[in-house]
Amino acid sequence: MTSASDAWFLEDAGLFRATDVIEHGYDYFGDCPEYKRVLCPVCGHKNNHLGSKPQTIDGKDNYEAGWGGRGDLAVIPIDGECGHVWEMCLGFHKGDVVVFVRAGLSNNLESKVAEREEQV
Ligand SMILES: [Zn+2]
């Protein structure tokens, strides 16, 4: 059975490195270099908003969270002012935590936002 999150992942999302969305060389609050702004992984736009509520998908320790790993997947939805919809993801796999980004690359981005809002 495919969950809504799996559908989002499988239908039209692309994967990106988390390190590629961090804006290097700019400290967000000036005196606090730990804070970095994230950029849209598709177009690099700097203005993004937290999307619907973050969610954790239960992988049941059996690859059922809709990503390549065995364990749970934490997903933070982000909506870019550029129109791209993307997610910061943390996945658990056999004692390791993996970070990555997945983003919608085309077509029905507005409908994906509407789907998320309906799920909350
Ligand atoms: Zn974008």
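1. Ala103 and its contacts. In this predicted model, Ala103 touches Ala13, Gly14, Phe16, Pro41, Val42, His84, Val85 and Trp86, leaving aside residues up to four places away in sequence. Ala103 falls in strand 6, which covers residues 96-104. One of its partners, Trp86, falls in strand 5, residues 85-93.

2. The nonpolar core. Ala103 and Trp86 appear again among the residues with the most contacts inside the largest nonpolar core, together with Leu73, Cys89 and Val101. This core has 16 residues. Two or more of its residues come from each of strand 4, strand 5 and strand 6. In soluble globular proteins, nonpolar side chains tend to be buried together.

3. Strands 4 and 5. Strand 4 (residues 73-80) runs antiparallel to strand 5, and 7 bridges join the two. Leu73, already named for its contacts in the core, stands opposite Gly91 of strand 5. Ala74 faces Leu90 in the same pairing of strands. The hairpin made by these strands has 4 residues between them, and Gly83 there takes a positive phi near 105°.

4. Strands 5 and 6. Here too the strands are antiparallel, with 8 bridges joining them. Phe92 has Val97 of strand 6 as its bridge partner. The hairpin has 2 residues between its strands, and in this turn Lys94 has a positive phi of about 50°.

5. Strands 2 and 3 against strand 4. Strand 2 (residues 48-50) is joined to strand 4 by 3 bridges and runs antiparallel to it; Asn48 stands opposite Gly80. Strand 3 is also antiparallel to strand 4, again with 3 bridges. In that pairing, Gln55 stands opposite Val75.

6. Ile57. Is Ile57 buried or exposed? Ile57 lies in strand 3, residues 55-57. It counts as buried because it has 21 C-beta neighbours inside 10 Å, and the cut-off for a buried residue is 20 or more. Ile57 and Val75 are 18 residues apart in sequence, and their C-alpha atoms are 7.8 Å apart in space.

7. The chain as a whole. The protein chain contains 2 helices and 6 strands, in the order α-β-β-β-β-β-β-α from the N terminus on. It has 120 residues, of which 26% count as buried. Among contacts with a separation of 6 or more, 46% are between residues 24 or more positions apart.

8. Confidence. The mean pLDDT of the protein chain is 83, and 77% of the residues score at least 70. Which element has the lowest mean pLDDT, and which the highest? Helix 1 (residues 4-12) has the lowest, at 54, while strand 2 has the highest, at 95. Where pLDDT is low, the predicted coordinates should not be read in detail.

How values were computed
Residues are numbered from 1 along each chain as its sequence is written. This is a predicted model: local features need pLDDT of at least 70, side-chain atom pairs count only at pLDDT 80 or more; totals for chains, interfaces and linings use all residues. Two strands pair if DSSP finds at least two bridges between them. A nonpolar core is a set of buried Ala, Val, Leu, Ile, Met, Phe, Trp, Tyr and Cys residues joined through C-beta atoms within 7 Å. A residue is buried if 20 or more other C-beta atoms lie within 10 Å of its own, exposed if 12 or fewer, and partly exposed in between; C-beta atoms are placed from the backbone. Two residues are in contact if their C-beta atoms, placed from the backbone, lie within 7 Å. pLDDT is the predictor's confidence in each residue, from 0 to 100.
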